[in-house]
Each structure stands twice: as structure tokens, then as C-alpha cells.
Amino acid sequence: MALKLYEHADSLRVKIQYPVESELTLVKVGEDLENIEIIIENVGPGGLRFVSNLQLELDQEIIYSIESEFLEDKISIPGVVIWKEEISKDLFQYGVHFETPEQTRAFLNQLLG
């Protein structure tokens, strides 16, 4: 996987040269929809940008899961959809803000950097 580091707003972002499939869970009142496949375009300690054919609402709560050969367990990070854009018919790009304490962001920064 080819990665490119760049600054985005006030945080480091890792732009993924070749988009990567990943999974997230949509959190809903009464039920969660797990293992939703998405395509990650970039990720940083403060959030991520992804593409999906799902039509999500702004403020949709999600849980993003990261697996890595360097980690013993899968990491689950809560977040919320803060923007969306339709990039073609039935294909959407989303921005997610992670709702994590500073300590978790620092860990993600180390993991991504």
C-alpha cells in the first residue's frame, strides 16, 4: 500500500495512493449495522475520508475499526459524519471526525506516522 503524508487543517493525514477497503459500524438507536465495507481515501488522528455507495446522514455516528500487523487487537474508534458529497450517481464521499481523547489521537498519530 503506497502512503503519502500531508498536512490537513491542524492534523497529519495519510493519503492512501491506492484506496483500501475497510469496515465500519453504523451506530443507530436500537441496532448497529456492522462490517459495512468502505473505501478509505485518507486517514489521520482526527478523522478520515471515505467513499461508499451508502447514503448516510450528517451527524451519523460510526465506529471505525483499524487492524494492523503491528497491533495485537483491532482498534475501534468512534466518530461522526461531518460532511458528504455525491461524487457520482449513487457514490458518496464522506468526512468523519473521530470523537477521541487527546491520548488516543496521539497514539493514532504515532501509528500513522
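A residue counts as exposed when its relative accessible area is over 50%, as buried when it is under 20%, and as partly exposed in between. Those words run through the legends below, and the model they describe is predicted.

**View 1. Lys89 and Asp90 at the turn between E6 and E7.**
Here's a salt bridge between next-door residues: the side chains of Lys89 and Asp90 meet at 3.8 Å, N to O. Lys89 is exposed, because its relative accessible area is 71%. Asp90 comes in at 43%, so Asp90 counts as partly exposed. Asp90 lies in the loop between E6 and E7, and its phi is positive, at about 65°, although Asp90 is not a glycine. The hairpin of E6 and E7 has two residues between the strands.

**View 2. The E6 and E7 pairing.**
Follow the chain out of that turn and you get to a pair of antiparallel strands, E6 and E7, joined over eight bridges. Ser88 stands opposite Leu91 in E7. Elsewhere in this pairing, Val80 has His97 of E7 as its bridge partner. E6 itself covers residues 75-88, while E7 covers residues 91-98.

**View 3. E7 and its other partner, E4.**
How much of E7 is covered? Mostly, it turns out: six of its eight residues are buried. Besides its pairing with E6, E7 pairs with E4, again in the antiparallel sense and this time over six bridges. To find your way around here, look for Val51, whose bridge partner in E7 is Gln93.

**View 4. The largest nonpolar core.**
This core has 19 residues, and the ones that touch the most other members are Leu24, Ile40, Leu48, Phe50, Ile62, Val96 and Phe98. Six strands each supply at least two residues of the core: E2 (11-28), E3 (31-44), E4 (47-52), E5 (61-66), E6 and E7 (91-98). Ile62 is a handy place to centre the picture. Setting aside neighbours within four places in sequence, Ile62 is in contact with Leu24, Thr25, Leu26 and Val27, with the run Ile77, Pro78, Gly79, Val80 and Val81, and with Val96.

**View 5. Ile38 in strand E3.**
Ile38 sits in E3. With a relative accessible area of just 2%, Ile38 is buried. Which residues does Ile38 touch, not counting those up to four places away in sequence? There's a run of Val20, Glu21, Ser22, Glu23 and Leu24, and then Phe50, Val51 and Ser52. Ser22 is worth a label here: Ile38 and Ser22 are 16 residues apart in sequence but 5.4 Å apart in space, C-alpha to C-alpha.

**View 6. The Glu41 and Arg49 salt bridge.**
Side chains of opposite charge can pair when their charged atoms come close. In this view the partners are Glu41 and Arg49, whose side chains meet in a salt bridge of 2.8 Å, N to O. Glu41 is buried, because 19% falls under the 20% cut-off. Arg49, at 24%, is partly exposed. The count of salt bridges comes to two, and the Lys89 and Asp90 pair of the opening view is one of them.

**View 7. Asp59 and Gln60 in the loop between E4 and E5.**
Two loop residues, one after the other: Asp59 is in the loop between E4 and E5, and so is Gln60. Is each one buried or exposed? Asp59 is exposed, with a relative accessible area of 60%, whereas Gln60 is buried at 12%. Asp59 also has a positive phi of about 70° although Asp59 is not a glycine. Gln60, leaving aside neighbours within four places in sequence, is in contact with Leu26, Val27 and Lys28, and also with Gly79, Val80 and Val81.

**View 8. A nonpolar patch on the surface.**
Leu58, Ile82 and Trp83 make a nonpolar surface patch of about 280 Å². Ile82 belongs to strand E6. At 49% relative accessibility, Ile82 counts as partly exposed, because exposed would need over 50%.

Methods
Residues are numbered from 1 along each chain as its sequence is written. This is a predicted model: local features need pLDDT of at least 70, side-chain atom pairs count only at pLDDT 80 or more; totals for chains, interfaces and linings use all residues. Side-chain values use heavy atoms; hydrogens and water are left out. Patches are made of residues with over 30% relative accessible area and no salt bridge: like charges are joined within 9 Å, nonpolar side chains (Val, Leu, Ile, Met, Phe, Trp, Tyr) within 5 Å. Accessible areas come from the Shrake-Rupley method with a 1.4 Å probe; for residues, only the protein chains shown count as cover. A salt bridge is a side-chain nitrogen of Lys or Arg within 4 Å of a carboxyl oxygen of Asp or Glu. Helices (H or I, at least four residues) and strands (E, at least two) are DSSP runs, numbered from the N terminus. Buried means under 20% relative accessible area, exposed over 50%, partly exposed in between (1.4 Å probe, protein chains only). A nonpolar core is a set of buried Ala, Val, Leu, Ile, Met, Phe, Trp, Tyr and Cys residues joined through side-chain atoms within 4.5 Å. Contact means heavy atoms within 4.5 Å. Two strands pair if DSSP finds at least two bridges between them.
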